Amino acid sequence: MATPAPGVSYPGPQCPWCKIALAADDVRSGAITCGACRNTFEATAFSPPDKRARTIEVAVSGPEGANACANHARNAAVTSCERCGLFICSLCEMNVGDGAMCPSCFQRARADGSLHGVAGRIRDYAQMAKLSMVFALLMIAIFGIPLGILAMVYARKAMKQRREVGDGIAGMVGVMIVSALAVLGGITFVTFMVIGAMQ
């Protein structure tokens, strides 16, 4: 089937032999016999995919002040790239929490690891375990038990994270031991408080 010249609209499905438009009943997959030239050919019918994002087509006279997308000249820009400043339409807009980016800048940011929105979603359980352990020791009388248990849970998750990337877990073992001591200290304090109240 011939490709229409640039600027010429697509006339619809045609017979590859005589270039006459096919009847609506002949637009299907399989062997088709042209009603005009009587030649037979194999065809595959398909429906174009639905666009997930709605775009605004810029008319030739266009609304005043409307900018066209740098990648899709007939789509109106909805924003500009935070990195390079190109105008982009809703199909091109890539946003993961660092602001809108064009596809090219998004790929570069992903390649050099500077996508903060994505990086921020990975929790640093080792740091969380250490902080919980410190607060468990500082407030052993009041919050030693829950914070110590929390520190041990975070330490276990940190061990799993570190094993996955091949790092050592010795520091997290130390956090677990100190956190267990904080829990024991909290239990001891509560026990003495209960015994003192009963006397």
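The exercises below, each with a worked solution, concern a predicted model.

**Exercise 1. Secondary structure order**

Determine how many helices and strands the protein chain holds, and in which pattern they follow along the sequence.

Solution. Start with the count: the protein chain has 6 strands and 5 helices. Then read along the sequence, which gives the pattern β-β-β-β-β-β-α-α-α-α-α.

**Exercise 2. Burial, surface and contacts**

State what share of the residues is buried, what area the protein chain exposes, and what share of the contacts joins residues at least 24 apart.

Solution. The protein chain has 199 residues, and 24% of them are buried. For the surface, the exposed area is about 13,800 Å², with 60% of it supplied by carbon and sulfur atoms. For the contacts, take those between residues at least 6 apart in sequence; of these, 28% join residues at least 24 apart.

**Exercise 3. Cysteines and disulfides**

Find how many disulfides the structure holds, and explain why cysteine 18 and cysteine 81 are not bonded to their closest cysteines.

Solution. Step one is the cut-off: a disulfide needs two cysteine sulfur atoms within 2.5 Å. Step two takes cysteine 18, whose closest cysteine sulfur belongs to cysteine 34 at 3.7 Å, so the pair is too far apart for a bond. Step three takes cysteine 81: the closest cysteine sulfur is that of cysteine 84, and because the distance is 3.7 Å, this pair is also too far apart for a bond. The structure holds 0 disulfides.

A further step concerns exposure. Cysteine 18 has a relative accessible area of 27% and is partly exposed. Cysteine 81 has 4% relative accessibility and counts as buried.

**Exercise 4. Helix α5 and its partner α3**

Classify the relative direction of α3 and α5, give the handedness of their crossing, and list the residues that meet.

Solution. Helix α3 covers residues 125-138 and helix α5 residues 170-198; their axes come within 9 Å and cross at roughly 25°. Angles under 35 degrees count as roughly parallel. Therefore α3 and α5 are roughly parallel to each other. Their crossing is left-handed. On the α3 side, the residues in contact are Ala126, Ala129, Lys130, Met133, Ala136 and Leu137; on the α5 side, they are Met172, Val175, Val178, Ser179 and Ala182.

**Exercise 5. Helix α5 and its partner α4**

Decide whether α4 and α5 are roughly parallel or roughly antiparallel, and give the handedness of their crossing.

Solution. Helix α4 spans residues 140-165, and its axis comes within 7 Å of that of α5, with a crossing angle of roughly 160°. Angles over 145 degrees count as roughly antiparallel. Therefore α4 and α5 are roughly antiparallel to each other. The crossing of α4 and α5 is left-handed.

Key:
Residues numbered from 1 in each chain as written. Predicted model: local features only at pLDDT ≥ 70, side-chain atom pairs only at ≥ 80, totals over all residues. Heavy atoms only, no water. Buried < 20%, exposed > 50% of the residue type's maximum accessible area, 1.4 Å probe, protein only. Helix = DSSP H or I, 4+ residues; strand = E, 2+ residues; numbered from the N terminus. Contact = heavy atoms within 4.5 Å. Areas by Shrake-Rupley, 256 points an atom, 1.4 Å probe, with all protein chains shown as cover. Axes fitted to C-alpha atoms, helices over the stretch in contact; angles between N-to-C directions. Parallel < 35°, antiparallel > 145°, perpendicular 65-115°, else oblique. Left-handed = near helix turned anticlockwise from the far one by under 90°.
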